[in-house]
Amino acid sequence: GKDVRNNMENWTTNDVMYLNKYGLLTSKPAMYLVNLSKKDFQRKKNKWLVKIHEWIQAHGGGSLIPFCGEVEAELQTVEGEEEKEKWLKENELTSSLPKIIKTAFSMVHLIYFFTAGPDEVKAWCIRKGYKAPQAAGAIHTDFERGFICAEVMSFDELKSMGSEQEVKAKGRYRQEGKGYTVEDGDVIFFKFNVSGAKGKK
């Protein structure tokens, strides 16, 4: 038979809810982490990688990520983000953890969107393909029930332009309706109205 996880990107939310009842092992996405020696990891070469990749493709597919446990362990002993970056640069190395985390999220079709206020910024995890009202419902069911619109800007554009005001000045701050599909990294300001009382988040 075929692994249930194949073509997972085409499943609807209802498909996922139905299949989750059965706890099928082959519905779980597979990621293969290959622990290399520090020398092989540094030179990005290992004689077994091609054969491992071929085996994975012949047995249901999945993501293959080479990493080095020794490097990751040493990196954890370095304090501070700037010092970690300096250590990696000096040793001509990269950490595989960001790639592992991003790949894992992508494999299970999850994304983040952000809400921001004067005092805090929050990240919300939703399934890829959610429409704006569904995303609002991840915060509170009232937001989905009384959804009016979503004011949206991209995190990457916000970061590159430096401020919300600049994003608006460049015409990149937009208003989206119920049919908008939320993108990974969207920064969203929801407008909603429940029981005649307007509210914003």
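The following exercises, with worked solutions, concern a predicted model.

**Exercise 1.** Determine which residues form a nonpolar patch on the surface, and place Leu24 within the fold.

*Solution.* Step one: the patch consists of Tyr18, Tyr22 and Leu24, which together have about 320 Å² of accessible area. Step two: Leu24 is found in the loop that runs between helix H1 (13-20) and strand S1 (31-35). Step three: the relative accessible area of Leu24 is 32%. Patch members need over 30%, so Leu24, at 32%, passes this cut-off and counts as partly exposed.

**Exercise 2.** Establish where Glu92 lies, what is notable about its phi, and whether the residue is buried or exposed.

*Solution.* Step one: Glu92 belongs to the loop between helix H5 (81-90) and helix H6 (97-107). Step two: although Glu92 is not a glycine, its phi is positive, at about 55°. Step three: the relative accessible area of Glu92 is 62%; exposed means over 50%, and therefore Glu92 is exposed.

**Exercise 3.** Carry out the corresponding analysis for His109.

*Solution.* Step one: His109 sits in the loop between H6 and strand S3 (110-116). Step two: His109 is not a glycine, yet it has a positive phi of about 55°. Step three: buried means under 20%, so His109, with a relative accessibility of 14%, counts as buried.

**Exercise 4.** State how many disulfides the structure holds, and classify Cys68 and Cys125 by accessibility.

*Solution.* Step one: the number of disulfides is zero. Step two: Cys68 has 1% relative accessibility and is therefore classed as buried. Step three: Cys125 has 39% relative accessibility and is therefore classed as partly exposed.

Terms used. Residues numbered from 1 in each chain as written. Predicted model: local features only at pLDDT ≥ 70, side-chain atom pairs only at ≥ 80, totals over all residues. Heavy atoms only, no water. Patch = residues over 30% accessible without salt bridge, like charges linked within 9 Å, V, L, I, M, F, W, Y side chains within 5 Å. Areas by Shrake-Rupley, 256 points an atom, 1.4 Å probe, with all protein chains shown as cover. Salt bridge = Lys/Arg side-chain N within 4 Å of Asp/Glu carboxyl O. Helix = DSSP H or I, 4+ residues; strand = E, 2+ residues; numbered from the N terminus. Buried < 20%, exposed > 50% of the residue type's maximum accessible area, 1.4 Å probe, protein only. Disulfide = S-S within 2.5 Å.
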